Amino acid sequence: MNSGIRRLEPSDVPACLALAVDRGWPEEEARWRLLLEVGEGYGWVAPDTGELVGAVVLTRFGARAGVVGLMLVRSDHGGRGIGRALMERLLDEAAGSDTVFLYATDEGRPLYEKLGFRASHEVATHLGTFVPPARPGALRVQTLAPGDIRELHVPDAALLGFDRGHLLDRLAKFAREIRVVRAPDGRVTGYAAAWDNAGRTAVGPVVAPTPDVLCALVEDIAVRDRGRAVRLECPVVPDGTVRAWAVRHGLRETGRCTFMVRGRPLPDGRLPSYAPFMQSIG
């Protein structure tokens with residue numbers, strides 16, 4: 001069935017947006033352009049009309065890992081095996097990676113389980129207008145200059161265990177701002193990016209040495225965007241510190257998905273100190 005699959009190009013973004021709208025997803029052109037720039041997109045083309053009716057994107061994190069994102073099939077072509085064919089093609093392309101992971105909806109999870117993915121933990125989306133604390137936090141948070149983006153490579157790889165430097169380099173152009181915390185010697189120890197998401201402020205990725213630093217980074221961005229809705233995605237873990245803090249400050253839980261892994265498991269001991277970029281890229 002792979003005969004209908006081809007690589008996606010930037011010129012396919014309008015067709016990808018039409019697929020997203022068909023499935024009730026927001027029309028986020030900037031996100032699709034980012035994913036097709038840093039990743040490898042594959043599309044299913046209907047042989048009778050030549051229309052794009054399915055898409056998926058693989059983003060590689062060095063040689064060790066890859067993430068599956070933006071997997072969707074047009075509603076009038078569901079149930080024909082197109083999603084499975086796209087996933088099998090993507091997994092063939094990712095065969096050299098130790099680990100492939102994704103964020104699954106309840107609808108997509110049965111297919112991913114058949115393809116060898118295993119559930120690791122849930123990720124909750126939190127959304128709302130941030131309620132500032134009575135007193136500002138004591139932690140000093142600074143703006144990272146776009147030219148200093150490589151300073152994020154070391155703390156990011158130290159927490160996550162793989163290299164996504166090429167994505168971070170592109171983040172300098174995609175994000176509206178990047179805020180950082182520095183050690184006394186000037187090294188970046190934690191960071192958070194803010195970007196526009198359907199009229200809201202999305203905060204992610206957030207990488208920090210402790211949950212307290214993560215919360216301070218999110219608070220800094222949210223307070224600076226006072227009055228604007230904030231979106232944050234948090235791992236659902238027994239610690240619960242970050243999610244409880246988010247709810248206390250007005251960011252209610254609006255939905256969950258399942259983080260799933262195929263191949264070597266990812267280290268998860270520091271998940272309370274990490275918030276993903278977006279569910280289509282990790």
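What follows is a walk through the fold, core, aromatic rings and cysteines of this structure.

The model is a predicted one. Its chain folds into eight helices and 13 strands. For overall shape, the C-alpha trace spans about 60 × 40 × 35 Å along its principal axes. A compact globule of 282 residues would be expected to have a radius of gyration near 19 Å, and the chain, at 19 Å, agrees with that. Just over the halfway mark, 53% of the 282 residues are buried. Contacts across the sequence also matter to the picture: taking contacts with a separation of 6 or more, 70% are between residues 24 or more positions apart.

Strand E12, residues 252–263, is a handy place to start, as it pairs with strand E5 and with strand E6. Strand E5 covers residues 99–104 and runs antiparallel to E12, with six bridges joining the two. One of the residues involved is valine 100, whose bridge partner in E12 is arginine 262. Strand E6, residues 118–129, is also antiparallel to E12, and here the pairing extends over nine bridges. In this pairing leucine 127 has arginine 252 of E12 as its bridge partner.

Just ahead of E12 in the chain comes a loop, which connects helix H8 (241–248) to that strand and holds histidine 249. Is histidine 249 buried or exposed? It counts as buried, because its relative accessibility is 11%, under the 20% cut-off. Leaving aside residues up to four places away in sequence, histidine 249 touches Thr129, Phe130, Val131, Pro132 and Pro133. Thr129 is the last residue of E6, given that strand's range of 118–129.

Moving to the helices, H2 takes up residues 29–38, and its buried residues are Arg31, Trp32, Leu34, Leu35, Leu36 and Val38. Residues three or four places apart on an α-helix point the same way, because the helix has 3.6 residues a turn. What covers the buried residues of H2? The cover includes two other helices, H1 (13–22) and H6 (165–174), along with strands E2 (40–45), E3 (52–61) and E4 (65–73).

Trp32 of H2 turns up again in the largest nonpolar core, a set of 50 residues. Together with Leu152, Ile178 and Phe277, Trp32 touches the most other members of that core. Isoleucine 178 shows what such a position looks like up close: with residues up to four places away in sequence left out, it touches Gln142, Thr143, Leu144, Ile149, Leu152, Leu171, Ala172, Tyr191, Ala192 and Ala193. Another core lies apart from this one and has 24 residues, including Ala46, Met71, Met87 and Ala94.

Next come the aromatic rings. A pair of rings is described by how far apart the centres are and by the angle of the planes. The structure holds ten aromatic pairs. One of them joins phenylalanine 61 and phenylalanine 101, tilted, with 6.1 Å centre to centre and 50 degrees between the planes. These partners come from distant parts of the chain, phenylalanine 61 from strand E3 and phenylalanine 101 from strand E5, 40 residues apart. Phenylalanine 61 counts as buried because its relative accessibility is 1%, and phenylalanine 101 does so at 2%. Phenylalanine 101 also pairs with phenylalanine 259, again tilted, at 5.2 Å centre to centre and 35 degrees between the planes. That pair reaches across the chain too, linking phenylalanine 101 in E5 to phenylalanine 259 in E12, 158 residues apart. Phenylalanine 259 is buried as well, with a relative accessible area of 7%. Ring pairs tie Phe61, Phe101 and Phe259 into a cluster with Tyr103 and Phe162.

Last, the cysteines. A disulfide is a covalent bond between the sulfur atoms of two cysteines. How many disulfides does a search of the whole structure find? The search finds zero. Cysteine 215 is in no disulfide, and the nearest cysteine sulfur, in cysteine 234, is 8.0 Å away. Cysteine 215 is buried, its relative accessible area being 6%. Why is cysteine 257 without a bond to its closest cysteine sulfur? That sulfur, in cysteine 234, is 11 Å from the sulfur of cysteine 257, so the two are too far for a bond. Cysteine 257 also counts as buried, because its relative accessibility is 5%.

Terms used: Residues numbered from 1 in each chain as written. Predicted model: local features only at pLDDT ≥ 70, side-chain atom pairs only at ≥ 80, totals over all residues. Heavy atoms only, no water. Pairing = 2+ DSSP bridges. Helix = DSSP H or I, 4+ residues; strand = E, 2+ residues; numbered from the N terminus. Buried < 20%, exposed > 50% of the residue type's maximum accessible area, 1.4 Å probe, protein only. Contact = heavy atoms within 4.5 Å. Core = buried A, V, L, I, M, F, W, Y, C linked by side-chain atoms within 4.5 Å. Phe/Tyr/Trp six-rings, centres within 6.5 Å; stacked < 30°, edge-to-face > 60°. Disulfide = S-S within 2.5 Å. Rg over C-alpha atoms; globule rule 2.2 N^0.38 Å.
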